[in-house]
Amino acid sequence: MQTRELGRSGLIVSSIGYGCMSYAPVYGTAPDAKDGIALIRDAVEAGVTFFDTAEVYGPLTNEEMVGEALEPMRDEVVIATKFGFTFGDDGKQQILNSRPDHIRKVVEGMLKRLRTDRIDLLYQHRVDPDVPIEDVAGTVKELVQAGKVKHFGLSEAGPETIRRAHAVLPVAALQSEYSLWWREPEEEILSLLEELGIGLVPFAPLGKGFLTGAIDKDTKFAEGDFRANVPRFSAEARVANVVVVDLLKEIAADKAATPAQIALAWLLAQKPFIVPIPGTTKLHRLKENIGAASLVLEAGELSQIEETMRGITIEGHRYPEHLRSRVGR
């Protein structure tokens with residue numbers, strides 16, 4: 001597996017990471033944690049060194065699974081997790097909270113669940129409008145000085161927030177959605193990250209499964225699958241957006257590859273500081289994703305993708321309305 005540096009942070013990771021959220025109940029019933037532990041260890045054996053989780057996944061159970069899986073090879077891997085919420089009386093309602101005392105408290109819990117003495121990359125999961133970002137960065141800086149955190153990250157933050165945070169404590173990575181069907185980071189974010197030396201960690205690099213070609217207009221989402229409430233996954237939007245998958249299939253046929261591999265290779269070709277974190281609960285998909293790291297798209301193929309995408313309008317928003325205010329602050 002090739003490696004990449006996240007910006008100019010000095011943090012070196014495998015060029016394809018592993019997003020572990022799929023083992024929380026976001027696509028319906030949560031898969032068995034034992035299977036997740038086995039698959040994470042398979043990923044390590046295949047060369048993946050970058051693993052992403054968050055306290056909100058579960059909540060908390062995802063960090064426990066990742067911690068158990070990686071404890072035997074802790075010094076060989078980079079673990080990223082995220083703070084930024086408290087949970088309602090039901091234990092699941094997500095309430096933004098990035099107050100300094102809360103950050104300090106939750107990091108202690110993270111260290112226990114992850115079975116480690118340090119967090120390699122600690123993200124603020126979503127910007128909290130009630131807490132100045134300088135206070136957030138300053139608190140994480142204290143944790144860095146205490147040796148409990150190695151690097152600081154932000155997720156779905158806007159340009160001004162990134163600059164302000166970076167002025168207090170260098171930001172190693174921004175985690176935001178970026179893929180062939182969500183290209184908003186190209187408007188301002190990519191150039192800013194390049195300027196400041198910050199890595200980009202795209203989540204949902206396969207369009208929450210759509211860009212694999214496994215989802216079509218007849219797909220029925222399981223009860224509890226969050227995609228059932230996402231406008232981009234309405235039946236009408238899926239019919240309209242399949243043209244993107246058709247493009248990926250066309251390129252893949254010439255490369256003896258899969259649509260998912262083309263989508264990931266396209267991301268890797270955009271900037272050398274980009275490290276996508278596709279997630280999966282299946283071994284064959286894990287191997288497929290890892291295979292994208294060695295797939296090189298030629299200039300003509302990249303131009304073909306770009307030219308075709310200019311004529312395509314993606315239908316449907318990526319989030320339901322009640323979640324849109326939490327991004328891009």
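Visitor: How many salt bridges does the structure hold?
Guide: This is a predicted model, in which local features need pLDDT of at least 70 and side-chain atom pairs count only at pLDDT 80 or more, whereas totals for chains, interfaces and linings use all residues. Residues are numbered from 1 along each chain as its sequence is written, and side-chain values use heavy atoms, with hydrogens and water left out. If a salt bridge is taken as a side-chain nitrogen of Lys or Arg within 4 Å of a carboxyl oxygen of Asp or Glu, the structure holds a total of 23.

Visitor: Which side chain meets that of E108 in a salt bridge?
Guide: E108 lies in helix α3 (residues 100-113), and its partner, 40 residues apart from it, is in the loop between α4 (133-145) and β9 (149-155); helices (H or I, at least four residues) and strands (E, at least two) are DSSP runs, numbered from the N terminus. E108 is partly exposed at a relative accessible area of 29%, on a scale where buried means under 20%, exposed over 50% and partly exposed in between (1.4 Å probe, protein chains only). The N to O distance is 2.5 Å, and the partner is K148.

Visitor: Which residue forms a salt bridge with R164 in which the closest N and O atoms are 2.8 Å apart?
Guide: R164 lies in helix α5 (residues 159-168) and this partner in helix α4, so the pair ties together parts that are 30 residues apart in sequence. R164 counts as partly exposed at 31% relative accessibility, and its partner, at 30%, is partly exposed too. The residue is E134.

Visitor: Which residue meets R164 in a salt bridge at 3.9 Å, N to O?
Guide: Here both residues lie in helix α5, 4 residues apart, which is about one turn of the helix. The partner is exposed, with a relative accessible area of 57%. The residue that meets R164 at this distance is E160.

Visitor: Which strands stand at the edges of the open sheet?
Guide: The sheet has 7 strands in the order β3-β4-β5-β8-β9-β10-β11, with parallel pairing, where two strands pair if DSSP finds at least two bridges between them. At one end, β3 pairs with strand β4 (residues 50-52) over 2 bridges, and G19 stands opposite D52. Each edge strand has a single partner, so one side of each is left without a neighbour in the sheet; the two are β3 (18-19) and β11 (199-203).

Visitor: How many residues of β11 are buried?
Guide: Strand β10 (residues 171-177) runs parallel to β11 and is joined to it by 5 bridges, with Q175 opposite V201. Both faces of β11 are covered, since the buried residues include G199, V201 and F203 on one side and L200 and P202 on the other. The number of buried residues in β11 is 5 of 5.

Visitor: Which two residues touch the most other members of the largest nonpolar core?
Guide: A nonpolar core is a set of buried Ala, Val, Leu, Ile, Met, Phe, Trp, Tyr and Cys residues joined through side-chain atoms within 4.5 Å, and the largest one has 86 residues. Its largest share, 8 residues, comes from helix α8 (residues 259-270). With contact meaning heavy atoms within 4.5 Å, and neighbours within four places in sequence left aside, one of the two residues touches Y18, I40, L70 and V78, among others. The two residues are F51 and I162.
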